[in-house]
Every structure is written in structure tokens, then in C-alpha cells.
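Please open the model in a viewer and keep the sequence panel visible. The tour below proceeds by selection, one element after another.

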Amino acid sequence: MSSTSSSSSSLETTLQRAWQRRGALACALWPLSLLFRLVAGVRALLFRFGLLGSTRLPVPVIVVGNIFIGGTGKTPLTIWLADALRAAGFTPGIISRGHGGGDSASHSASHGAPRAVTLESRARDVGDEPLLIARRTGCPVVVGRDRGAAGRALLAAHPGVDVILTDDGLQHYALRRDIEIMLFDGRGTGNGWLLPAGPLREAPSRRRDFTIVNAPELTPALRQAVGGIPFRMQLAGEFAEPLARPGERVALASLRGQRIVAACGIGNPQRFFTLLRGAGLAFAELPLPDHHDFLDQPFAAIEADCILITEKDAVKCAQIENLKNDPRLWVVPVTAQLDAALAEQIVEKCRGCSTA
């Protein structure tokens with residue numbers, strides 16, 4: 001890992017720890033969080049009263065997002081929702097900003113014109129999460145910084161699409177939405193403060209249509225912190241497959257006794273580690289920065305029989321010559337599990353949406 005990436009990761013870890021309580025660092029940053037709250041509130045009001053322009057697409061728009069900075073499990077939730085909508089008779093399309101990794105060139109999808117994601121797309125061009133979503137769902141996916149433009153481009157290329165999912169974008173008020181889904185994980189709202197004193201982009205009292213918590217248990221404290229009437233989401237992963245031979249699965253439990261390293265570049269690495277421990281595995285942890293590009297060859301000096309990675313990381317590793325055939329790399333696919341009643345409620349609300 002480069003010194004720049006290491007420093008960034010260290011700072012991120014320090015802030016994440018500070019954001020879980022109202023300690024000295026959080027308190028020192030609290031005045032700035034008041035300014036952040038004011039700016040965010042004014043911006044939201046400007047969009048609400050039409051003083052800042054926003055786009056209305058001719059089909060229902062469902063936003064899957066969070067107010068907690070970093071990963072909470074939006075990608076597996078988006079995949080689950082796309083499958084649920086398709087099962088209900090809809091033809092979903094998906095838009096995303098398209099976060100990449102690495103240098104500025106890798107963010108072309110984020111800052112340029114809308115770009116379609118295909119199975120042959122490079123993760124550095126369209127982003128790791130959109131590429132994973134396209135592969136897992138088979139839905140048309142378009143990335144672009146302007147989600148309204150991305151939505152229009154998707155509908156122009158796929159006129160049969162009758163509902164748009166936007167992966168992230170809860171704060172992207174330039175795109176009007178019909179349904180908002182706010183996702184938390186076991187960290188809840190942290191210390192409850194907004195950036196930079198806490199982990200929140202907006203206040204927990206912010207309106208939403210559905211609240212989902214990605215956690216093993218919905219404790220009373222967690223329910224109170226997130227508000228609303230939360231549904232619980234769990235990520236299930238029982239198998240691993242070699243990166244070089246997709247589809248050749250083995251049970252995670254069968255890997256016990258090997259020298260294992262678990263590596264992941266996601267927003268909350270501990271969630272992946274907890275899943276693996278639940279399968280009875282013992283391993284060394286290698287947390288990496290979110291959206292890590294793996295071009296720095298972080299596995300080169302590792303001595304292990306097996307290196308377990310997430311699907312999100314796998315889409316990048318599979319496109320790197322020195323990694324794609326590494327026999328030590330095994331991918332752990334995960335699937336979101338939610339109450340069927342949630343899908344029914346979302347589908348019912350979606351059917352009740354009027355189109356432009």
C-alpha cells in the first residue's frame with residue numbers, strides 16, 4: 001500500500017473511531033458540524049421550493065441511500081430490490097454516480113457524460129459497485145455524476161424500463177424521487193452528530209419512506225437511534241469460489257484449518273470479517289480503503305493458503321493481470337436477506353406512483 005493510501009486509511013480509521021462517541025476530537029469539531037448542518041439544510045430547502053433545479057424522470061424513481069458516511073450495504077440491498085421488482089413484473093434500470101478508485105482518470109464516469117455499464121466494462125472506468133450490480137442483476141446500469149442525465153440516457157437506450165433504482169444519491173436532490181430507502185448498519189447513527197464531528201450527512205430525523213438496518217439484531221437502542229419503523233437486513237454468505245474459476249463453489253466451512261487472510265476494501269470491513277467468523281473461520285485481517293484499486297499489489301508479500309475477498313473487490317482483481325489467476329484468491333458472494341413484507345410494501349408504493 002502506498003504511503004498516501006496508508007495515511008488516508010489511518011486518518012479515516014481515526015475519524016471513524018471518534019465518530020462513535022462524543023469524545024475530545026468530536027467535541028472539538030462540533031462547531032463545524034453546526035455549519036455543515038446549516039449549509040445542508042439550506043440546500044435541501046432550495047431544492048424543495050424550486051429555487052434550485054431538479055429533474056423528474058417519466059418513471060418512478062427509488063433511491064437507496066444512507067446518511068451515515070461510508071458503506072452500510074447499499075449494493076446488496078440494490079441487488080435484492082432489483083430482483084424483487086423484477087419478480088413483481090417490473091423492468092428495473094439502475095443508475096449510480098460510479099465511484100472508481102485510483103487516479104483522476106479512473107473517475108471519468110463520475111465526472112463526464114453518462115456511461116453504460118456492460119459486463120466487459122473496466123471497474124476503473126465505471127466503478128466497482130455498478131459493475132458488480134450489472135453482473136449480479138442483469139439490469140441495464142448507467143453511471144454519471146448527473147443522475148438525471150444518467151436516468152434519461154438509460155431510458156433512451158432501454159425504453160422498456162419502467163422503474164429506476166439509484167444506488168446511493170439520497171442527498172442528490174437534483175433528481176426527484178418517489179421512494180426513499182434509508183439504510184443503516186449496526187453502527188446506527190454513531191455519536192449522532194453531523195460531519196465532521198460525527199458520521200452523518202443529514203440529521204437522523206430526515207424524512208424517508210423506508211428504514212432498513214443491516215445488522216444481526218435490531219436492539220432497542222438501535223431502533224431508537226435510526227428512527228422510523230426499521231426492517232432488518234442480513235447478509236448471508238456460505239460459499240467461496242476461486243477468482244480464476246467463477247462458479248466453482250465450496251462451503252466456507254471447508255476452508256477451516258488453512259492459513260487464511262481476509263482482505264476487503266469496503267466501507268465497513270468488520271462486517272465482512274464478522275460474516276467469516278460466523279462460518280467458523282480463523283484468519284488474519286487485511287482491511288483496505290474503500291474502493292481500493294489493488295494496483296499496488298497488496299497480496300504480493302502475503303503468505304497464505306487462501307485469501308478471501310468480497311465480490312466488490314473481485315471485479316477489480318479479476319481485471320488485473322497479476323491477480324486474476326492467483327490461486328490463493330477466493331471470492332465470498334453475499335446475498336441480502338429481508339422480510340418479504342418489505343418488498344410487497346415497496347412494490348405497492350411503486351405501483352401507486354404517478355409518472356410524468
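Which residues of α2 are buried? Ala26, Leu29, Ser33, Ala44 and Phe47 are the ones to highlight. Please bear in mind throughout that the model is predicted.

**Helix α2**

Select residues 24-48 to display the whole of α2, a helix of 25 residues. From its first C-alpha to its last, the helix reaches 36 Å, close to the 36 Å expected at 1.5 Å a residue. Now centre the view on Trp30, where α2 bends by about 45°. A proline, Pro31, follows within four residues of this point.

Next, select Leu35, Leu38, Val39 and Val42 and show their surface. These residues form a nonpolar patch on the surface, and together they have about 370 Å² of accessible area. One of them, Leu38, is found in helix α2. Is Leu38 buried or exposed? Leu38 counts as exposed because its relative accessibility is 54%, and the cut-off for that class is over 50%.

To leave the helix, move to Gly50, which follows α2. The phi of Gly50 is positive, near 80°.

**Strand β1**

Select residues 61-65 for strand β1, which is mostly covered, with 5 of its 5 residues buried. Colour the two faces separately: Val61, Val63 and Gly65 lie on one side, and Ile62 and Val64 lie on the other. Both faces are covered.

Which strands should be added to the selection? Add residues 163-167, strand β5, which pairs with β1 in the parallel sense over 4 bridges. Then add residues 179-185, strand β6, which also pairs with β1 in the parallel sense, over 4 bridges. Val64 is a convenient residue on which to centre this view. In β5, Val64 stands opposite Asp167, while in β6 its bridge partner is Ile181.

**Helix α3**

Finally, select residues 74-87 to show α3, a helix of 14 residues. The helix reaches 20 Å from its first C-alpha to its last, close to the 20 Å expected at 1.5 Å a residue. How many residues of α3 are buried? The helix is mostly covered, with 11 of its 14 residues buried. Among those to highlight are Lys74, Thr75, Pro76, Trp80 and Leu85. Leu77, Thr78, Ile79, Leu81, Ala82 and Ala84 are buried as well.

The last stop is Gly89, which follows α3 and has a positive phi, near 100°.

Terms used:
Residues are numbered from 1 along each chain as its sequence is written. This is a predicted model: local features need pLDDT of at least 70, side-chain atom pairs count only at pLDDT 80 or more; totals for chains, interfaces and linings use all residues. Side-chain values use heavy atoms; hydrogens and water are left out. The expected span of a helix is 1.5 Å times one less than its number of residues. The bend at a residue is the angle between axes fitted to the seven residues ending there and the seven starting there. Buried means under 20% relative accessible area, exposed over 50%, partly exposed in between (1.4 Å probe, protein chains only). Patches are made of residues with over 30% relative accessible area and no salt bridge: like charges are joined within 9 Å, nonpolar side chains (Val, Leu, Ile, Met, Phe, Trp, Tyr) within 5 Å. Accessible areas come from the Shrake-Rupley method with a 1.4 Å probe; for residues, only the protein chains shown count as cover. A salt bridge is a side-chain nitrogen of Lys or Arg within 4 Å of a carboxyl oxygen of Asp or Glu. Two strands pair if DSSP finds at least two bridges between them.
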